[in-house]
Number of protein chains: 2
Amino acid sequence: MIEIGEVTVPAATVSRLPYYLRALRDLLRDGVTTTSSSALAERSGVGSAQLRKDLSYLGSFGTRGVGYEVETLASSISTALGLGSEHRLAIVGVGNLGNALANYSGYAARGFRLVALIDADPDVVGRRAAGLEVEHSDRLEEILAARGVSMVILATPGAAAQAVAERIVECGVREILSFSPVALQLPDDVVVRSVDVAGELQILAFHAAARHAQEGATVDGRTAPAATAR
Amino acid sequence: MIEIGEVTVPAATVSRLPYYLRALRDLLRDGVTTTSSSALAERSGVGSAQLRKDLSYLGSFGTRGVGYEVETLASSISTALGLGSEHRLAIVGVGNLGNALANYSGYAARGFRLVALIDADPDVVGRRAAGLEVEHSDRLEEILAARGVSMVILATPGAAAQAVAERIVECGVREILSFSPVALQLPDDVVVRSVDVAGELQILAFHAAARHAQEGATVDGRTAPAATAR
DNA sequence: CGTTGTGAACAGGTTCACAGCA
DNA sequence: TGCTGTGAACCTGTTCACAACG
């Protein structure tokens, strides 16, 4: 649970707000002005009760018997998410993935501004992407301070991640989105969201194995790749 | 909860198995042969009770008073995750992100084999990445069938995602890792894991807003500037 | 002894079902 | 009438604390 102002919002709710916001923006684009919890929930991939309960943590935005005004609700969620103020973003680690993330075009529309690209590899330093030049990580502290960076996307190799993260935190950054597959040890007040592509694939592999185990069992009784039983 | 063989494993547990596996591989690399639940938990970023409970769903792997043998445990988890058999992988949508994902080098080591790159853009078709040539999505069904693809990474623009996903499912693929920021409407037996970079940033923004609201409130009631430590 | 494996207590999140209201 | 907002019931997952045991 996360406190904001005098309200408390469950972490699970916060993690769904971006879905609602996206669905609302799609509706706006399509010229829809009013929607209902069930219609919006379907677009967001959740249940309608879930959606209403989530919104109830932020306030009361709908009209009973009618539904929600798309534009109003979108801006309310947007405000709750803190997208009113601009967040200045740096990408540290500009390999394949960091480069792809730099070229992502959706930052500005969502209140983020990419202001620095940083890497340790001399071959990468000096390259340009997204209108920025990649700068050397020796100057990391200087750059983060000068550009007023408040959020960092960390896309370094795993071996470098912990050390770099510590330097970043030392600069006062408290929100990090990490793509490095390591559990970062950082002070409690630092928020780290972690995206791990290989891990996601492994989770899918587990589901595949479960499916095959079941089919194997029901179809012909032979063992499919399964858990080492107890 | 997910059934595999005669065992039932909570989804939350499955989502942590990759962390444990990674930590174990790091230990192996460092030549460590034995570890304890608390040491392994620390490396994985979870509590030790959590780790032991998670492992208990898969079986009993440790020695009381001693701990776990790193290699044995790693291979047990690996088997549970279905990484024994090879999973044939296609990337659909080879833009910035798809390209970066194609160049990721860790697939083979984790039991995945990238066997096709597919895109709808004629400018992209024909390019090479990771030893493969990008092929046109007109031939998607043909390619997935011929290569025995069982898992797909979907990295198309949002507008195309739903339609492409339906074609993929039609080919018998039941595990999809999507990077497109839309809630895919697919049959219940299809497992979709979704990674949304913009969404993750928005969640971080919420945390930043919460932090500022608190500081602003306690400091002087006005909105506080940047997060200079607490 | 020291560490695992696990029942039992707890916490958090989801779903239900309906009262409240335009 | 129909949809929102929400207390209460339910369910899932986490943490505690200790018995089991090499």
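**Warm-up.** What share of the atoms of DNA strand C within 4 Å of the protein belongs to sugar or phosphate?

*Solution.* Sugar or phosphate takes 59% of those DNA strand C atoms, and bases take the rest.

Some ground rules before going on. You're looking at a predicted model, where local features need pLDDT of at least 70, side-chain atom pairs count only at pLDDT 80 or more, and totals for chains, interfaces and linings use all residues. Residues are numbered from 1 along each chain as its sequence is written, chains are lettered from A and ligands numbered from 1 in the order in which they are written, and side-chain values use heavy atoms, with hydrogens and water left out.

**Exercise 1. Map the protein surface around DNA strand C.**

*Step 1: find the neighbours.* A residue is near a strand if one of its heavy atoms lies within 4 Å of it. For DNA strand C there are 23 such residues, and A:Arg16, B:Ser37, B:Arg52, B:Ser60 and B:Tyr68 come nearest.

*Step 2: look at atom pairs.* Use the polar contact here: a pair of N or O atoms within 3.5 Å; within protein, one must be able to donate a hydrogen and the other to accept it, and residues adjacent in sequence count only if both atoms are side-chain atoms. On the backbone side of the DNA, a side-chain N or O atom of B:Ser60 is 2.9 Å from a phosphate oxygen of DNA strand C. On the base side, B:Arg64 puts a side-chain N or O atom 3.1 Å from a base oxygen of DNA strand C.

*Step 3: assign elements.* Helices are DSSP runs (H or I, at least four residues), as are strands (E, at least two), numbered from the N terminus. Two or more residues of the surface near DNA strand C come from each of helix 1 (11-29) and helix 3 (48-58) of chain A, and helix 3 of chain B.

*Step 4: sort by class.* Count Ala, Val, Leu, Ile, Met, Phe, Trp, Tyr, Cys and Pro as nonpolar, Asp, Glu, Lys and Arg as charged, and the others, Gly among them, as polar. The surface near DNA strand C then splits into six nonpolar, ten polar and seven charged residues.

**Exercise 2. Repeat the job for DNA strand D.**

*Step 1: neighbours.* DNA strand D has 26 residues around it, with A:Ser37, A:Arg52, A:Tyr68, B:Arg16 and B:Arg64 the closest. Of the strand D atoms within 4 Å of the protein, 58% are sugar and phosphate.

*Step 2: base contacts.* A:Arg52 has a polar side-chain atom 2.8 Å from a base nitrogen of DNA strand D. A:Arg52 also reaches DNA strand C, with a polar side-chain atom 3.5 Å from a base nitrogen there. A:Gly65 uses a backbone N or O atom, 3.1 Å from a base oxygen of DNA strand D.

*Step 3: elements and classes.* Helix 3 of chain B gives the largest share of this surface, four residues. By class, you get eight nonpolar, eleven polar and seven charged residues.

**Exercise 3. Describe the interface of chain B and chain A.**

*Step 1: size.* With contact meaning heavy atoms within 4.5 Å, 74 residues of chain B and 71 residues of chain A take part. Buried area is the accessible area (1.4 Å probe) that two parts lose on being put together, summed over both. Here that's about 6300 Å², 69% of it on carbon and sulfur atoms. B:Gln202, B:Leu204 and B:Phe206 supply 12% of what chain B buries against chain A, more than any other three residues.

*Step 2: charged pairs.* A salt bridge is a side-chain nitrogen of Lys or Arg within 4 Å of a carboxyl oxygen of Asp or Glu. The two chains share six salt bridges; one of them joins B:Arg211 to A:Glu175, closest N and O atoms 2.6 Å apart.

*Step 3: main contributor.* Helix 8 (residues 197-219) gives the most to chain B's side, with 17 residues.

**Exercise 4. Explain why A:Leu201 and B:Arg22 count as buried.**

*Step 1: rule.* Buried means under 20% relative accessible area, exposed over 50%, partly exposed in between (1.4 Å probe, protein chains only).

*Step 2: A:Leu201.* A:Leu201 is buried because its relative accessibility is 1%. This helix 8 residue of chain A touches residues including B:Leu89, B:Phe112 and B:Ile153.

*Step 3: B:Arg22.* B:Arg22 is buried because its relative accessible area is 14%. B:Arg22 sits in helix 1 of chain B, and its side chain makes a 2.8 Å polar contact with that of A:Asp196.

Notes
Lists of a residue's contacts leave out its neighbours within four places in sequence.
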